[in-house]
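User: Please take one backbone position that stands out and look at it closely. Then go on from there to the rest of the chain in one connected account.

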Amino acid sequence: MAVNIPGVIAVAVFYVIILATGIWASRRSRQEEKRTTGTGTEVTLIAGRKINIIVGIFTMTATWVGGAYIMVTSTATYDPTKGLIWATMPLDFIINFLLAGFFFAKPLREKEYVTMMDPFQLKYGDTVSCALLIPILISDIFVVASTLASLGGTLSVILDISSFYSICTSAAVGIIYTLLGGMFSVAYTDIIQLLFIAVSMWLCVPFMMLNPASTDITLTAFNGTFQAPWVGMLEPGDVGLWIDEFLVLSLGGLAYQSLHQRILSASSVRDAQVMCFSAAGFSSIMGIPSILAGAVAASTNWNMTSYGSPSPYERGEAGKILPIALQHLVPNYISILGTGAVAAAVMSSMDSALLASASLFSKNIYKALIRKQASDRELQWVIKGSVTVVGLAGMGLSFLEDSFLPLFVFSTDVLYTVVLPQLVCVLHLPVTNVYGAVGGYVSGVALRLLSGEPLLHLPPVIHFPGCRLVDGVYVQHFPHRSLAMLLSLCSTALISYATAELLHRGVLPRSWDLRPAGTDAPRVGCANVTGNADNEQPAASDQLLDTSC
């Protein structure tokens with residue numbers, strides 16, 4: 001098949017529009033920087049807390065509606081070994097955003113933090129907080145890699161161009177407009193991207209459903225016509241794995257800096273909560289076209305299409321079912337719009353991860369540990385360098401792993417098992433201290449590594465019930481990631497309580513109290529202990545820069 005020239009031109013036009021929007025938003029960023037009483041760094045990272053509620057809803061929704069989201073959802077629905085019952089992302093993200101609005105928006109936005117790691121540095125000091133930052137930065141790199149891999153697979157199918165060129169071009173465009181305008185560029189380009197995803201995907205689905213080769217999806221939902229019913233079935237031996245993946249995707253995103261970056265950029269706590277609640281509904285709606293695309297693909301006689309036999313699943317191409325359906329079930333001029341939708345989804349997730357990682361490195365590592373006296377201008381250059389490095393690292397990783405699904409799940413896995421329990425404790429458990437944080441961190445990471453990880457070619461040391469060999473690789477069917485998360489959470493709480501009690505009773509010398517200078521977190525047994533973990537702590541923007549271990 002020859003290169004699809006009209007498709008290439010259409011994607012190029014889309015990239016120009018996105019880049020132009022990013023450049024326009026960068027001018028807004030510079031104007032805001034002149035007017036604001038805060039630093040230029042705060043304008044770059046959280047838009048000077050001036051993101052209005054409409055723009056906020058768009059950019060909050062785009063945080064999760066990425067290339068991996070629409071590709072994974074359609075793949076799971078189509079895959080005859082899984083089906084709709086495994087395509088849980090639309091439900092996962094409803095839970096994710098609702099929990100963020102109810103339990104995380106207020107304590108973070110009310111204290112006017114700049115990143116989600118600020119409360120860690122206030123309570124634990126710089127060194128421990130930086131150790132907690134490592135898995136977050138790793139996760140961001142995997143997010144970039146998974147989104148670029150999904151785009152490369154799509155464009156190689158529809159436009160018949162090498163995934164190398166599409167990945168490099170997309171990475172370059174995303175890096176450039178993120179460098180130019182920071183949070184303002186990311187937020188305003190998210191509006192264009194999200195609208196394009198919605199219009200394009202909803203326009204493509206009817207053409208798929210009306211294709212002569214496709215059977216009515218209501219007839220194939222519970223009846224095997226060309227393959228197993230697309231609704232799917234959950235085997236008893238897979239229940240543990242299903243629960244684990246559901247919890248990872250539902251709760252792992254609560255430890256995602258990109259999510260909290262939007263919360264912190266809101267004008268008020270109320271706006272931040274409204275953004276979360278609105279995104280819960282819109283993100284689930286955006287998943288419906290992908291579900292329908294997967295269902296239509298499962299109801300198609302591929303021998304009647306230009307794709308031919310055997311089916312995509314039999315050829316091992318189930319992971320590319322969305323671009324395959326766009327290529328062979330809809331007219332060419334419509335499939336080009338579908339390609340643009342995937343490109344838009346990739347951009348909306350990639351730029352969020354780039355800015356999130358740059359925020360954490362510049363604010364919580366470079367400024368806190370490397371150069372405490374760094375100027376605002378110097379930090380701006382550090383942000384630019386961080387965006388570039390993470391973008392290039394994610395791009396390189398996307399070439400090493402063809403499948404985007406393992407990359408996406410692993411990125412959320414890291415946040416879920418290691419970072420989430422620490423974030424819950426630092427925000428909602430007043431007794432949490434350095435000893436508990438270190439103990440919980442080590443125990444959670446240790447159990448997770450001992451459970452094995454196929455993506456890292458790490459065999460399991462502990463074989464939980466249900467662990468079995470699948471295609472030469474051991475797969476845990478026990479909810480081992482959730483167990484690691486709970487172990488980390490409980491260890492953090494119990495060790496913190498025990499050490500705080502020992503310090504309070506004088507069993508341990510006061511020199512062992514590792515709280516950073518200037519903090520006054522309540523101890524166990526003191527009368528001023530309340531339900532707010534940070535009720536005695538000042539705002540991060542005032543004190544974080546002088547915190548020392």
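Analyst: Ala-47 has a relative accessibility of 0% and therefore counts as buried; the term means under 20% relative accessible area, while exposed means over 50% and partly exposed lies in between (1.4 Å probe, protein chains only). The model is predicted, so local features need pLDDT of at least 70 and side-chain atom pairs count only at pLDDT 80 or more, whereas totals for chains, interfaces and linings use all residues. Residues are numbered from 1 along each chain as its sequence is written, and side-chain values use heavy atoms, with hydrogens and water left out.

The phi of Ala-47 is near 55°, a positive value in a residue that is not glycine. Most residues other than glycine have a negative phi, and most peptide bonds are trans. Ala-47 sits in the loop between helix H2 (40-46) and helix H3 (53-64). Helices (H or I, at least four residues) and strands (E, at least two) are DSSP runs, numbered from the N terminus.

H3, on one side of this loop, has 12 residues and an expected span of 16 Å at 1.5 Å a residue; its end C-alpha atoms are 18 Å apart, which agrees. The expected span of a helix is 1.5 Å times one less than its number of residues. H3 is mostly covered, with nine of its 12 residues buried. Among them are Val-55, Ile-57, Met-60 and Trp-64.

Asp-471 also has a positive phi, of about 55°, and is not a glycine either. Asp-471 belongs to the loop between strand E1 (468-470) and strand E2 (473-475). Is Asp-471 buried or exposed? With 78% relative accessibility, Asp-471 counts as exposed, whereas Ala-47 is buried.

Another backbone feature is the peptide bond from Ser-309 to Pro-310, which is cis, with omega near -5°. Pro-310 lies in the loop between helix H13 (288-298) and helix H14 (321-329).

Ile-321 is in H14. At 1% relative accessibility, Ile-321 is buried. The C-alpha atom of Ile-321 is 9.9 Å from that of Thr-77, although 244 residues separate the two along the chain. For Ile-17 and Gln-193 the C-alpha separation is 9.9 Å, with their positions 176 residues apart in sequence. Ile-17 is in helix H1 (residues 5-35) and is partly exposed, at 42% relative accessible area. Ala-279 and Ala-358, by contrast, are 79 residues apart in sequence and 24 Å apart in space, C-alpha to C-alpha. Ala-279 is in helix H12 (residues 269-285) and is buried, with a relative accessible area of 0%.

Next comes helix H15, at residues 332-370. H15 has 39 residues and reaches 53 Å from its first C-alpha to its last, close to the 57 Å expected at 1.5 Å a residue. Of its 39 residues, 33 are buried, so that label again rests on the cut-off of under 20%. H15 has a kink of about 30°, centred on Ser-362; the bend at a residue is the angle between axes fitted to the seven residues ending there and the seven starting there.

The second largest pocket is another part to look at, and its volume is about 270 Å³. On a 1 Å grid over the protein atoms alone, a pocket is an open set of points where a 1.4 Å probe fits, with protein on both sides within 12 Å along at least five of seven lines; lining residues have an atom within 4 Å of a point. A volume is the space filled by probe spheres set on the points, and grid points are joined across faces, edges and corners. This pocket is lined by 14 residues, of which Phe-410, Val-414, Val-418, Val-445 and Leu-449 lie nearest its centre. Helix H7 (126-158), helix H17 (404-428) and helix H18 (434-450) are the elements that give two or more residues to the lining. The largest share, five residues, comes from H17. By class, the lining has 10 nonpolar, one polar and three charged residues. Ala, Val, Leu, Ile, Met, Phe, Trp, Tyr, Cys and Pro count as nonpolar, Asp, Glu, Lys and Arg as charged, and the others, Gly among them, as polar.

As for the whole protein chain, it has 20 helices and two strands. Its radius of gyration is 24 Å, close to the 24 Å that the globule rule gives for 549 residues, so the chain is as compact as a globular protein of that length. The radius is taken over C-alpha atoms, and the rule is 2.2 Å times the number of residues to the power 0.38. Along the principal axes, the C-alpha atoms fill a box of roughly 80 × 60 × 35 Å. Buried residues make up 58% of the 549 residues.
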